[in-house]
Amino acid sequence: MKTLKKKLLSIMFVMVLAVSGIITAGCSIAAASGTSAKTGDMMVHFLDVGQGLSIFVQSKGQTLLYDGGDRNSASFVVSYLKEQKVKRIDYLISSHYDEDHISGLIGCLNAFPVRRVIGADYVHDSGLYRSFMESVENQGLKVLHPKVGERFSFGTGEFTILSPDEIRENDSNVNSVAVKLTNGDNAFLFMGDAEYKSEERIINSGIELECDVLSVGHHGSASSTSWEFLEKAVPQYAVISCGAGNQYGHPDADTMEKLEAMEIEVYRSDKQGTVICSSDGEKISWNEVPCNDYTPGNPNDTGTRPGEPEDSEEKTQSGLASIGKMVWIPASGEKYHSIPDCGKMNPDTAEKIPLAMAKILGYKPCKKCN
């Protein structure tokens, strides 16, 4: 009900903006106003850094930079912050130390005074990592490694550390520092390159994950954004940072199918460039409407489908055939489904049972697949 109300309020708000002429494709909120975030507001800029990630946040005179994109985007990120009249970065957060996330941070460390630097507590064997650490030291700072659940005041809100709760060798993505940024009733999740393993541990942390906006993990790859995680986060909007025609095929078809099935509105940097949203603590407004393009980065990616049963399973299925029609029931819910990938449930946790048994147990037919 809460999510439905959010969607109805959002639709009404977008209609008002459209009638007023406030929403126009390609228009920057910050540029239109000529100033940084208003007092009491929080501005979140999802920068177009190609096949990388960079998120810049302004609130009540404070600034936060989460990742900085790759080498090719470093100068753009620095220039963008200067255009926003940034004089100092209050929080500079490195989700992890891969090139497509850390390069622009080095440029910003060399261009702006920084108050605090947050990063994962592991050593990355690369020249960029060493340059990053040198740039931090040149500012007289040390990289902070806060624990999961630790909270930091920022502007009109705060952010909470979601991960990592442990460091794994040779697995930079799993070591990603994920954060939940809140402003009043609004919430954002920044996931870096966190994958299924990280998402599972984040869920198990017990931290409330419901959010308005999800920065999709690992550029929308198939290794991130599990059904279980989406069911906990239930975002209204998803933002995917990826390069047009990237070699990895991001975003993956499986991820996009989940977002579409859950009716999550989508923004994509490969389709729309930089997008900006504003939070006043109650509602979220954007500088343009979502593209809602659920196609994968690789047009030949058709996603995964349940495979053919193995020999042992075939025997079981042939035995069940005499019972009659089989259906799938979800781990939670009250509907039975005629296909496992209906889109209204998580197929990985669905159970196949006879239709007659499903009816006895009180399950009702899903209107979409029955």
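**Aromatic pairs and nonpolar cores**

Tyr97 is buried, with a relative accessible area of 2%. The model is predicted. Across the whole structure, a search finds 15 aromatic pairs. The largest nonpolar core has 58 residues.

**Phe46 and Phe190**

- The ring centres of Phe46 and Phe190 lie 6.4 Å apart, with the planes at 90 degrees.
- Planes over 60 degrees apart count as edge-to-face, so the Phe46–Phe190 pair is edge-to-face.
- Phe46 sits in strand β1 (residues 42–46). Phe190 sits in strand β10 (residues 186–190).
- The two are 144 residues apart, and their pair links distant parts of the chain.
- Phe46 is buried, at 5% relative accessible area. Phe190 is buried too, at 1%.

**Tyr97 and Tyr122**

- Tyr97 and Tyr122 form a tilted aromatic pair. The distance is 4.9 Å centre to centre, and the angle between the planes is 40 degrees.
- Tyr97 lies in the loop between β4 (89–93) and α4 (99–111). Tyr122 lies in the loop between β5 (114–118) and α5 (127–138).
- The pair therefore ties together parts that are 25 residues apart in sequence.
- Tyr122 is buried, with a relative accessible area of 11%.

**Ring cluster**

- Ring pairs join Phe46, Tyr66, Phe188, Phe190, Tyr237, Tyr267 and Trp286 into a cluster.
- Phe46, Phe190 and Trp286 from this cluster are also listed among the residues with the most contacts inside the largest nonpolar core.

**Nonpolar cores**

- Val44, Phe46, Leu81, Phe132, Phe159, Phe190 and Trp286 have the most contacts inside the 58-residue core.
- Helix α4 supplies the largest share of this core, five residues.
- Another core, of 22 residues, lies apart from it. Its members include Leu162, Leu209, Ala233 and Leu259.

**Phe159 and Thr160**

- Beyond its neighbours within four places in sequence, Phe159 is in contact with Leu64, Tyr91, Ile93, Ile118, Glu150, Arg151, Phe152, Phe154, Val179, Lys180 and Leu181.
- Thr160 is found in strand β8 (residues 157–163). Thr160 counts as buried, at 12% relative accessibility.
- With neighbours within four places again left aside, Thr160 is in contact with Gly149, Glu150, Arg151, Ala178, Val179, Lys180 and Ile207.
- Glu150, Arg151, Val179 and Lys180 appear in the contact lists of both Phe159 and Thr160.

Notes
Residues are numbered from 1 along each chain as its sequence is written. This is a predicted model: local features need pLDDT of at least 70, side-chain atom pairs count only at pLDDT 80 or more; totals for chains, interfaces and linings use all residues. Side-chain values use heavy atoms; hydrogens and water are left out. Rings of Phe, Tyr and Trp (its six-membered ring) pair if their centres lie within 6.5 Å; planes under 30 degrees apart count as stacked, over 60 as edge-to-face and the rest as tilted. Helices (H or I, at least four residues) and strands (E, at least two) are DSSP runs, numbered from the N terminus. Buried means under 20% relative accessible area, exposed over 50%, partly exposed in between (1.4 Å probe, protein chains only). A nonpolar core is a set of buried Ala, Val, Leu, Ile, Met, Phe, Trp, Tyr and Cys residues joined through side-chain atoms within 4.5 Å. Contact means heavy atoms within 4.5 Å.
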